[in-house]
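Subject: Structure for your review

Dear colleague,

Please find below the structure that I am handing over to you, together with its sequence. My findings follow directly after it.

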Amino acid sequence: MATEFTLNGAPARFEGDPDTPLLWVLRDHLNLTGTKYGCGIAQCGACTVHLDGKNRRSCVTPISTVAGRSVTTIEGATGKTAEAVKAAWVAIDVPQCGFCQSGQVMSAIGLLAAKPNPTDADIDHGMAGNICRCATYVRIRQAIKDAAKTAGAAA
């Protein structure tokens with residue numbers, strides 16, 4: 001049975017086990033390797049994508065649940081908020097090893113879409129569960145604040 005969905009704005013199809021996690025469909029079948037595997041139990045955030053515009057952990061999302069829906073990965077993240085987040089990440093050198101960063105960026109974009117001017121508490125709540133082993137949390141918070149200002153100015 002095939003699962004059809006929209007991926008980064010284009011039609012996508014997966015023919016395989018409907019219980020296959022979205023993460024493995026993206027990485028192994030569709031060759032989009034920006035979304036990372038970290039823990040496999042939705043605890044680290046490295047696999048975060050957007051499902052119908054909301055943050056979703058792809059490692060625990062069966063492909064069957066995305067049928068007819070829209071998935072956005074780091075490769076397809078566009079728009080003023082996404083560009084502001086990416087630019088802020090680069091401007092203040094957020095990543096060290098970089099492994100968790102696609103999930104961090106996708107979570108930050110989702111946070112700013114829901115809360116365009118987040119407080120520190122909003123950032124803490126919105127980014128909870130996104131683990132950075134390099135502990136760049138101070139830079140992540142600053143990048144989100146900078147991106148909020150940039151995205152707000154672009155509006």
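Asp120 has a relative accessible area of 35%, which lies between the limits of 20% and 50%, so this residue counts as partly exposed. Please bear in mind throughout that the model is predicted. The partner of Asp120 is Arg141: the two form a salt bridge in which the closest N and O atoms are 3.2 Å apart. Arg141 belongs to helix α5 (residues 137–154) and Asp120 to helix α4 (residues 120–127), so the salt bridge ties together parts that are 21 residues apart in sequence. Arg141 is likewise partly exposed, with a relative accessible area of 24%. The pair also belongs to a network, in which salt bridges with shared partners join Asp120, Asp124, Arg141 and Lys145.

How many salt bridges are there by this rule? The count comes to eight, and two further examples are described here.

One of them is between the side chains of Arg69 and Asp52, with an N to O distance of 2.7 Å. This pair links distant parts of the chain, 17 residues apart. Arg69 is in the loop between β4 (54–57) and β5 (70–72), whereas Asp52 is in the loop between β3 (48–51) and β4. Arg69 has 28% relative accessibility and therefore counts as partly exposed. Asp52 is also partly exposed, at 40%.

The other salt bridge is found between the side chains of Glu83 and Lys86, with an N to O distance of 3.9 Å. Here both residues lie in helix α2 (residues 80–91), three residues apart, which is about one turn of the helix. Glu83 is partly exposed, with a relative accessible area of 40%, and Lys86 is partly exposed as well, with 28%.

I turn next to the strands. β3 and β4 run antiparallel and are joined by four bridges. One of the residues involved is Val49, whose bridge partner in β4 is Arg56. The hairpin of β3 and β4 has two residues between the strands, and in this hairpin Asp52 takes a positive phi near 50 degrees. Asp52 is thus the residue already described as the salt-bridge partner of Arg69. β3 pairs with β5 too, in the antiparallel sense and over two bridges. In that direction, Leu51 stands opposite Val71 of β5.

Are the faces of β3 covered or open? In a regular strand, side chains alternate between the two faces of the sheet. In β3, Thr48 and His50 are on one side and Val49 and Leu51 on the other. These four residues are all buried, and both faces of the strand are covered.

Finally, I would draw your attention to Ala46, which lies in the loop between α1 (22–29) and β3. Is Ala46 buried or exposed? Its relative accessible area is 4%, which is under the limit of 20%, so Ala46 is buried. Which residues is Ala46 in contact with, leaving aside its neighbours within four places in sequence? They are Thr35, Lys36, Gly38, Phe99, Ser102 and Gly103. As for Pro21, this residue is 25 residues from Ala46 in sequence, and their C-alpha atoms are 14 Å apart in space.

Yours sincerely,
A colleague

Note on methods:
Residues are numbered from 1 along each chain as its sequence is written. This is a predicted model: local features need pLDDT of at least 70, side-chain atom pairs count only at pLDDT 80 or more; totals for chains, interfaces and linings use all residues. Side-chain values use heavy atoms; hydrogens and water are left out. A salt bridge is a side-chain nitrogen of Lys or Arg within 4 Å of a carboxyl oxygen of Asp or Glu. Buried means under 20% relative accessible area, exposed over 50%, partly exposed in between (1.4 Å probe, protein chains only). Two strands pair if DSSP finds at least two bridges between them. Contact means heavy atoms within 4.5 Å.
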